[in-house]
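Here is a friendly walk through the model on your screen. Take a moment to turn it around before reading on.

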Amino acid sequence: MNNLQLNKEGKLHHFITIEGLSKEILTEILDTAESFLGISEQPVKKVPLLRGKTIVNLFFENSTRTRTTFELAASRLSADVLSINIATSATSKGESLLDTIRNLEAMHVDMFVVRHAISGAGHFIAQNTAPHISVINAGDGQHAHPTQAMLDMFTIRQYKHDFKPLKVAIIGDILHSRVARSQIQALNTLGVKEIRVVAPKTLLPSHVEQLGVKVFNTMEEGLDDLDVIIMVRLQKERMTSALLPSEQEYFKCFGLTEERLKLAKPDAIVMHPGPINRGVEIASSIADGPQSVILQQVSNGIAVRMAIMTLTLQNKGDSV
Amino acid sequence: MNNLQLNKEGKLHHFITIEGLSKEILTEILDTAESFLGISEQPVKKVPLLRGKTIVNLFFENSTRTRTTFELAASRLSADVLSINIATSATSKGESLLDTIRNLEAMHVDMFVVRHAISGAGHFIAQNTAPHISVINAGDGQHAHPTQAMLDMFTIRQYKHDFKPLKVAIIGDILHSRVARSQIQALNTLGVKEIRVVAPKTLLPSHVEQLGVKVFNTMEEGLDDLDVIIMVRLQKERMTSALLPSEQEYFKCFGLTEERLKLAKPDAIVMHPGPINRGVEIASSIADGPQSVILQQVSNGIAVRMAIMTLTLQNKGDSV
Amino acid sequence: MNNLQLNKEGKLHHFITIEGLSKEILTEILDTAESFLGISEQPVKKVPLLRGKTIVNLFFENSTRTRTTFELAASRLSADVLSINIATSATSKGESLLDTIRNLEAMHVDMFVVRHAISGAGHFIAQNTAPHISVINAGDGQHAHPTQAMLDMFTIRQYKHDFKPLKVAIIGDILHSRVARSQIQALNTLGVKEIRVVAPKTLLPSHVEQLGVKVFNTMEEGLDDLDVIIMVRLQKERMTSALLPSEQEYFKCFGLTEERLKLAKPDAIVMHPGPINRGVEIASSIADGPQSVILQQVSNGIAVRMAIMTLTLQNKGDSV
């Protein structure tokens with residue numbers, strides 16, 4: 001089956017999901033991001049690589065944090081950015097998503113960065129857009145958040161250098177997490193030794209083992225001998241449902257505490273996609289402590305998004 | 001009577017309405033737009049013509065589509081764009097429109113792009129602003145939408161080359177359409193052979209013939225032997241009033257169907273300012289069909305707005 | 001006590017309040033602003049001084065006018081501007097202000113321009129941010145609005161040249177005015193001869209004399225022999241409280257009328273931070289009259305903000 005994300009030469013043209021991407025492509029992204037890392041630390045944080053390109057942020061779901069990182073990445077590449085808040089736009093005049101896309105295409109834009117509450121929205125747009133336009137998935141429903149997963153992989157490589165010997169756990173609300181899904185795919189492709197998910201049964205997808213992970217239902221078992229601990233944000237709105245007891249109760253069972261952290265390797269790193277809920281899924285002292293690389297993830301996010309934008313725009317799609 | 005839009009040398013300084021502009025000025029806009037058409041197709045979609053100019057989008061009415069085209073046009077000319085959503089701005093602190101204008105003038109801005117629900121708003125601002133500032137009307141009430149009309153003229157010339165022999169019909173809600181009003185003026189000035197309006201009587205202004213158009217109340221008569229078909233958007237909110245029966249009923253009588261399209265010349269082009277209501281004023285198959293130039297209109301819109309911005313900023317106003 | 005705003009070399013690194021800044025530093029700001037004044041009058045209103053810097057507008061309180069002047073100042077210095085409306089951002093996902101700051105720091109931003117309803121917000125952020133980041137207070141609660149005060153000082157110097165012999169009055173709602181507080185500090189530091197506050201007792205802070213001002217409760221006494229009249233905006237929402245009678249009543253007692261203006265020196269200038277309430281605190285004829293420098297204040301605001309941005313970014317903070 002042909003992968004929608006790749007052009008005829010097998011090069012990355014869209015970036016919708018980690019699924020189906022080779023280790024080589026993921027590694028190319030990481031290597032390119034490494035070359036961009038220094039730009040944000042220079043006095044003049046700007047390179048002219050995407051000058052005169054038009055990047056459209058199509059956010060059907062509010063996300064200041066993610067939108068901000070894409071905007072910064074784009075402007076540090078000297079691209080022009082157009083942010084369209086769809087709630088207040090033409091779709092409210094009854095225009096269909098496809099017509100909105102067609103119109104923006106006609107304005108000769110180069111890239112859509114798409115955030116949508118419905119799984120598959122980015123895929124749908126990539127399938128239906130002009131071949132010269134690249135689509136980046138900035139989070140779709142509970143499906144995928146691949147740029148977040150790649151910045152996490154970048155951070156792991158930065159601290160651990162080699163993926164092969166690593167034991168990695170993803171801890172928390174796996175069921176609703178598009179980030180977790182993308183992380184598991186990336187970790188599998190990059191070939192870590194062991195991937196664990198640690199969560200109460202109510203927050204795990206059914207048949208999660210089929211994703212190639214080991215399942216643990218207690219922190220005590222799940223944290224043992226880890227190299228990398230990835231905490232997943234607990235959506236507080238889930239609390240009101242029957243899935244979860246109180247926040248305090250959750251922290252008592254699945255919160256990352258100082259004591260529990262000792263179960264992992266002494267040089268284990270602690271990651272979190274943010275925004276963190278201090279005292280709910282993670283103790284404040286750990287979030288701010290020496291093993292936390294949470295803010296480094298944010299810094300890396302700019303470089304990784306710059307890399308993905310540059311790589312996909314280099315590679316035109318099929319000449320349909 | 002002196003035309004507010006022209007400076008002492010008779011050059012275009014504001015662009016508020018087609019009314020009172022000569023064929024030469026309209027043709028200058030079309031020719032300039034033609035020279036800009038290629039810019040949006042280059043890898044680097046940017047020229048430094050308006051570098052260091054400050055263009056203010058003053059939108060008193062929401063319009064993502066129109067705002068977007070002006071923003072893209074401005075940034076491809078390298079101007080700085082400031083978008084002010086008036087609903088959330090100083091006017092809500094009780095400041096008058098004139099004081100808002102005075103303040104922005106004092107910040108040394110160069111252009112106001114104005115969208116307003118009240119007819120004459122752009123004219124009022126042009127009358128009251130500093131002589132070095134240009135005002136572009138991006139749609140005022142039911143009065144005028146001259147940049148839309150010019151991109152339509154550009155599209156007609158692109159496909160038909162010569163205006164003189166053309167029969168053109170504007171079809172739909174003429175009564176509430178600022179676009180139709182501006183189109184009729186432009187078509188008259190550019191000297192087409194025949195302009196028709198086709199609509200139910202309830203959607204026609206009284207004495208519409210005085211605008212220099214032939215009136216038809218059925219599609220069958222109105223479409224005969226046409227070169228250019230311009231569909232006008234049906235504002236669905238009118239449906240609730242006594243002016244119109246249901247959407248289906250409207251489509252049955254005034255929708256552009258495959259069958260009706262055959263009444264026009266075989267090489268007739270179909271235009272629509274968008275956003276389109278599929279199955280209300282136009283059949284989907286026609287909107288996406290070979291005679292439709294609807295998306296080409298959108299592409300041309302960027303070049304035409306670049307031309308109007310550049311031309312008006314070249315020409316200073318009276319030294320009052 | 002160490003001044004948070006200055007770095008080890010005693011140079012301005014943050015700009016939070018006029019309090020504690022020397023006459024030399026205020027004068028350096030005014031002199032630098034003077035050199036920027038011409039830029040906004042050139043055909044190309046742009047200098048590359050802050051190219052590749054990322055300036056974040058952190059507005060926790062809506063203010064189109066102030067945000068606009070900072071955005072224009074930043075883009076005329078060629079900086080990249082990121083505007084974050086906090087109401088719709090991550091804090092609504094329960095993230096703390098400190099975590100928001102930490103995240104933006106990690107994205108390698110260079111400056112926070114902060115507007116907040118709570119007094120001390122800018123100070124708090126400056127205290128807690130990375131040493132290479134500068135913080136500019138764009139208005140915090142009823143505490144301070146130092147960039148507004150500096151553009152007022154700039155305007156006074158522009159018209160009166162020397163601060164020493166001047167009699168200046170600030171008139172109106174001193175109690176709730178962060179602008180008045182900052183103006184009094186700046187006028188004292190720059191050494192004017194006499195500072196007066198003129199207001200009904202209900203609109204004066206208790207012990208206001210301790211700020212180094214003379215207090216007057218009638219316009220007739222307060223306006224006598226003035227060089228500079230600074231009107232303060234009357235927040236109409238106060239009208240509903242017990243503090244004030246009707247607008248007409250207020251204008252009758254404390255409005256600046258033609259007649260009252262004659263009590264000041266014939267060459268007195270009239271200032272107002274805007275937006276003005278015509279017929280409430282100031283007569284329309286005076287706001288638009290020959291002694292009014294209200295719009296000149298707005299123009300100067302761009303240059304003064306360009307100066308403050310440039311100066312603070314030149315000076316790194318402590319290497320904590």
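## A residue to start from

Leaving aside neighbours within four places in sequence, A:Ala138 is in contact with A:Thr66, A:Phe70, A:Val113, A:Val114, A:Arg115 and A:Thr147. If you would like to find this alanine on the screen, look in strand S4 of chain A. Another residue to pick out from there is A:Phe112: its C-alpha lies 9.7 Å from that of A:Ala138, and the two are 26 residues apart in sequence.

Is A:Ala138 buried or exposed? A:Ala138 has 26 C-beta neighbours inside 10 Å, so it counts as buried; the cut-off for that label is 20 or more.

## How confident is the predictor?

Please keep in mind that this is a predicted model. For chain A the average pLDDT is 92, and 94% of the residues score at least 70. For the complex, the predictor gives an ipTM of 0.92 and a pTM of 0.93.

## Two domains in chain A

Let us now step back to the whole of chain A. Chain A is divided into domain 1, made of 23-144 + 299-314, and domain 2, which covers 146-293. Between the C-alpha centres of domain 1 and domain 2 of chain A there are 27 Å.

Where the two domains of chain A meet, domain 1 puts in 20 residues and domain 2 puts in 18 residues. On the domain 1 side of this contact, helix H1 (23-37), strand S4 (134-140) and H11 of chain A each supply at least two residues. Sorted by class, that side of domain 1 has 9 nonpolar, 7 polar and 4 charged residues. Strand S4 of chain A is also where A:Ala138 is found.

## Where chain A touches chain C

Next comes a contact between chains. Chain A brings 23 residues to its contact with chain C, and chain C brings 18 residues. Two helices of chain A, H2 (64-76) and H11 (294-314), each supply at least two residues of the side that touches chain C. Which helix gives the most to this side of chain A? The answer is H2(A), with 7 residues. By class, the side of chain A that touches chain C holds 8 nonpolar, 9 polar and 6 charged residues.

## Where chain B touches chain C

Here chain B contributes 18 residues and chain C contributes 23 residues. On the chain B side, strand S2 (80-85) and helix H3 (97-106) each supply at least two residues. H3(B) gives the most to this side of chain B, with 4 residues. The residues of chain B that touch chain C divide into 5 nonpolar, 7 polar and 6 charged.

## How the chains are related

What rotation superposes chain A on chain C? A rotation of 120° does it, with 0.0 Å of shift along its axis and an RMSD of 0.0 Å. That is the relation of a three-fold axis. Within chain A, the C-alpha nearest the axis belongs to A:Asp80, at 6.5 Å from it.

Chain B can be placed on chain C in a similar manner: a rotation of 120° with 0.1 Å of shift along its axis superposes them, with an RMSD of 0.0 Å. Of the residues of chain B, B:Asp80 comes closest to the rotation axis, with its C-alpha at 6.5 Å.

How values were computed
Residues are numbered from 1 along each chain as its sequence is written. Chains are lettered from A and ligands numbered from 1 in the order in which they are written. This is a predicted model: local features need pLDDT of at least 70, side-chain atom pairs count only at pLDDT 80 or more; totals for chains, interfaces and linings use all residues. Two residues are in contact if their C-beta atoms, placed from the backbone, lie within 7 Å. Ala, Val, Leu, Ile, Met, Phe, Trp, Tyr, Cys and Pro count as nonpolar, Asp, Glu, Lys and Arg as charged, and the others, Gly among them, as polar. Domain bounds come from an automatic or database domain assignment. Copies are superposed by least squares on the C-alpha atoms of residues with pLDDT of at least 70 in both. pLDDT is the predictor's confidence in each residue, from 0 to 100. A residue is buried if 20 or more other C-beta atoms lie within 10 Å of its own, exposed if 12 or fewer, and partly exposed in between; C-beta atoms are placed from the backbone.
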